Amino acid sequence: MVSVSSFDATSRSGERVRETSASRATTSPLPTDVQAPDGGKRRPTSRIYLPALSIVAVAIVLITIGWLSRWGGGSFTSAMTNLRVVVVGPATLAFLALFLVVERLRPAQRRPVFARGYRHDLLYTILNATLVAPLVVALSLSFSEVARRSLPWIVVPRMGGLPHWGVIAVIFVAMDGCNWLAHYANHRIRMLWRFHELHHSQEDMSVLTVFRTHPLIHVSYLITLIPGVILLSNGTIPTAFLVAYAAVVAFEHSNTNLGFGPLGKIFVSPNYHRIHHRLEGRQDVNLGFALTIWDQMSHRAIFPTPDTIRMDTGLPGRPLLVEQATQHPQHLRVMMAQLVGPFRRLDPETDQAKPE
Ligand SMILES: [Zn+2]
Ligand SMILES: [Zn+2]
């Protein structure tokens, strides 16, 4: 395992400038370095970061098992409906609209209403609501079925006297802890980081940045389903609760100067999560989704100060093409480059993804 997010930040002080077409031509996201030093063509595999294919393999195997088992008897359609309610249901859209207003009223950094980053993350929102949602449902149903079948003893019997709200509270805390663990792994395991760095590449944070994720990264977050499987016989988390949880996670990405006062020591605020996305300094801190306790227990909590509130966000050296780097808006081209980004080979000299 290699820490990939604690690398030193290279300074990019001042206003980010749009690159010229000439400089962009030298920084194409597509692999241009396919010529071997002797002038011959490299083998095709040398262009690909092979470990990234393992996440594809896991997804294919899981979904095949799920499909063959008819999703463990679960209804794909109703699971799909539930997820849609969480991602783009009326309550979620109302929350997102409210947060979009709040971040205009108390911005951490002033940005145009239609900043490129905002438009780009809107594309990711649409991608999530359409193509990614069925993938997540298929992965979730399949993973739960595999967990139930291979580890049936983890499902604890019904405990009389345990109130439903108690079950919800336990699942919430355990689920948030699992999210922290998966997020930690995203930062510690290079292969996972290659997929997670897309989320960190945003330089214009907004509430929609929560959707700026690689579709395959969801494989790493499947462990968050385990608490629900363990307590399956004792109750499930209502969809409304998941909507609220998703809203909290979305809000912490908003470009809002808000720290939640004393509650900010327990719950993740926009000012707290911004430190996780900072351009300069370690990013493997403040990994919490809703609760800060996991960061505090692992000595990875950095609480906001007046100096951190307006920090720039993004990745040093822009190892992944970002929408702010092109002279003209090229959202679809940039998005495609970002989605194939994890599969680009590493520079053999530096052992890092090459800046684009
Ligand atoms: Zn992260
Ligand atoms: Zn984030």
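These legends accompany several close-up views of a predicted model.

**View 1. The whole chain is built from helices, with no strands.** Before zooming in, let us take stock: the chain has 12 helices and 0 strands. Followed along the sequence, the pattern reads α-α-α-α-α-α-α-α-α-α-α-α. The chain holds 356 residues, and 36% of them are buried. Take the contacts between residues at least 6 apart in sequence: 79% of these join residues at least 24 apart.

**View 2. Confidence varies along the chain.** The average pLDDT of the chain is 84, and 85% of the residues score at least 70. Where is confidence lowest, and where is it highest? The lowest value belongs to helix 1 (residues 21-25), with a mean of 33, and the highest to helix 11 (residues 293-297), at 98. Please look at residues 1-40 with care, as the pLDDT there is below 50. In the model, this stretch has 45 contacts beyond near neighbours in sequence.

**View 3. Helix 3 crosses helix 9.** Two packed helices are described by the angle between their axes and the distance between the axes. Here, helix 3 (residues 76-88) and helix 9 (residues 239-251) have axes that come within 8 Å and cross at roughly 35°. The crossing of helix 3 and helix 9 is right-handed. To find the meeting place, look for N82, V85 and V86 on helix 3, which meet T239, L242, V243 and A246 on helix 9. Sorted by class, this contact between helix 3 and helix 9 has 5 nonpolar, 2 polar and no charged residues.

**View 4. A closer look at V243 in helix 9.** Is V243, a residue of helix 9, buried or exposed? V243 is buried, because 20 other C-beta atoms lie within 10 Å, and 20 or more is the cut-off for a buried residue. Leaving aside residues up to four places away in sequence, V243 touches V85, V86, G89, A91 and T92. One of these partners shows how folding brings distant parts of a sequence together: V243 and V86 are 157 residues apart in sequence, yet 4.8 Å apart in space, C-alpha to C-alpha.

**View 5. The largest nonpolar core has 48 residues.** In soluble globular proteins, nonpolar side chains tend to be buried together. In this core, the residues with the most contacts inside it are L139, F195, V207, V219 and A250. Two or more residues come from each of helix 2, helix 3, helix 4 (90-105), helix 5 (116-150), helix 6 (164-188), helix 7 (190-200) and helix 9. Which helix gives the most? Helix 5 does, with 10 residues. If you centre on L139, you will find that it touches A59, L62, I63, H218, V219 and L222, not counting residues up to four places away in sequence. There is also a second, separate core of 9 residues, including V268, Y272, I275 and A290.

**View 6. Two loop residues have a positive phi without being glycine.** R70 sits in the loop between helix 2 (52-68) and helix 3, and its phi is about 50°. N286 belongs to the loop between helix 10 (270-276) and helix 11, with a phi near 50°. What about their surroundings? R70 counts as exposed because it has 12 C-beta neighbours inside 10 Å, whereas N286 has 25 inside 10 Å and so counts as buried.

Methods: Residues numbered from 1 in each chain as written. Chains lettered and ligands numbered in written order. Predicted model: local features only at pLDDT ≥ 70, side-chain atom pairs only at ≥ 80, totals over all residues. Axes fitted to C-alpha atoms, helices over the stretch in contact; angles between N-to-C directions. Helix = DSSP H or I, 4+ residues; strand = E, 2+ residues; numbered from the N terminus. Left-handed = near helix turned anticlockwise from the far one by under 90°. Contact = placed C-beta atoms within 7 Å. Nonpolar A, V, L, I, M, F, W, Y, C, P; charged D, E, K, R; others polar. pLDDT = per-residue confidence, 0-100. Core = buried A, V, L, I, M, F, W, Y, C linked by C-beta atoms within 7 Å.
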